[in-house]
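This report covers a surface patch, the nonpolar cores and one buried site. Please look over the sequence and the structure before reading on.

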Amino acid sequence: MRELEEAVQRMLEFAEAHIGENPTLMDMSRHAGYSPSYCSQQFHRITGKTLRRYLAGRRLAIATLALRDTDTRIIEIALDSGYSSQEALARAFVGAYGLTPHAYRKAPRPVRLPIKQNVLFPLDQKNKEGIDMESTILTSASVRVEYIPAHKYMGIWEPNVDNYMDFWDRHDCDEVCGFIESMRHVADPIVTPHTAGWYQNQDGKQGYFYGLGVPVHYGGSIPKGFEIRDVKASYYLVFCHPPFDFQRDCAEVMRRVEELAWGYNPAEQGFRWNDKEFPAYQRHMPETLGYEILRPVIPNQP
């Protein structure tokens, strides 16, 4: 199974690097090292998408980001993304998003961006930040203080679950993450895209949320199913573990951080908990940041 997943991952990486050249099944099968028919079958089985559908989605995503983030002419964006013409891009754009490329460029809004898929994680043993995953070691979780300025949080607030896995049993991961990826250009620099966490419901029970922070002045569109809430400035105790080997150590790292986070006495740092007023954030980036839980606190009065 691992060998097949590695072959499909090679296909995904090849597609991403050559999307503007309209890579064929033959091109990708040569790169993966298997026959075209077998590659097509395994790609569909492992990713849940046909190769044709996946490539069409990634062409659209790359064109969408270019429209949003550059001043390149639309015809050039279309050709660079693998479309035969500007009209072909327009047809795909209207079919997926309900508006033209020109209208989106004038007023970008949240869209269900077809995201890049990975079937292996981490993709390699040396990530782009230069961290050697083979040399990472388990260590004790630690705690520090962090101040987060006022911001808004846009996400799905799920009152009936209190963890990551149960959240995705109720929501379409590709859809939710696609909307979030389309909003990176307006994301808060601290509460970044895919920052999740916990909050207290009105009945005092713990719910789970997933989304991104946006600036306090954000007044743009809100995707269907998302809700935006104001979050005032606050101090947080950050319980953390540095970058680690996801496949080898994830469960143990999470256990160590969570045991410290939920059993810690904030008075040791001169604070008390403020979970009723503020969300508790979760940062999970094994290969770059590590794993962190941020619990809101308020200074104890002298």
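## Tyrosine 235 and its patch

Tyrosine 235 lies in strand E6, which spans residues 234-241; strands (E, at least two residues) and helices (H or I, at least four) are DSSP runs numbered from the N terminus. Tyrosine 235 counts as partly exposed because its relative accessibility is 37%; buried means under 20% relative accessible area, exposed over 50%, and partly exposed in between, with a 1.4 Å probe and protein chains only.

Val145, Tyr147 and Tyr235 make a nonpolar surface patch of about 280 Å².

## Basis of the model

The model is predicted: local features need pLDDT of at least 70, side-chain atom pairs count only at pLDDT 80 or more, and totals for chains, interfaces and linings use all residues. Residues are numbered from 1 along each chain as its sequence is written, and side-chain values use heavy atoms, leaving out hydrogens and water.

## Nonpolar cores

The largest nonpolar core (buried Ala, Val, Leu, Ile, Met, Phe, Trp, Tyr and Cys residues joined through side-chain atoms within 4.5 Å) has 31 residues, of which Phe167, Val176, Tyr210, Phe226 and Tyr291 touch the most other members. Elements that each supply at least two residues of this core include strand E2 (151-158), helix H8 (164-170), E6 and helix H10 (246-263).

Apart from this core lies another, of 17 residues, among them Leu60, Leu67, Tyr83 and Val111.

## Serine 29

Serine 29 is part of helix H2, residues 25-32. Serine 29 counts as buried because its relative accessibility is 2%. Beyond its neighbours within four places in sequence, serine 29 is in contact (heavy atoms within 4.5 Å) with Tyr34, Ser35, Pro36 and Cys39.

Notes:
Patches are made of residues with over 30% relative accessible area and no salt bridge: like charges are joined within 9 Å, nonpolar side chains (Val, Leu, Ile, Met, Phe, Trp, Tyr) within 5 Å. Accessible areas come from the Shrake-Rupley method with a 1.4 Å probe; for residues, only the protein chains shown count as cover. A salt bridge is a side-chain nitrogen of Lys or Arg within 4 Å of a carboxyl oxygen of Asp or Glu.
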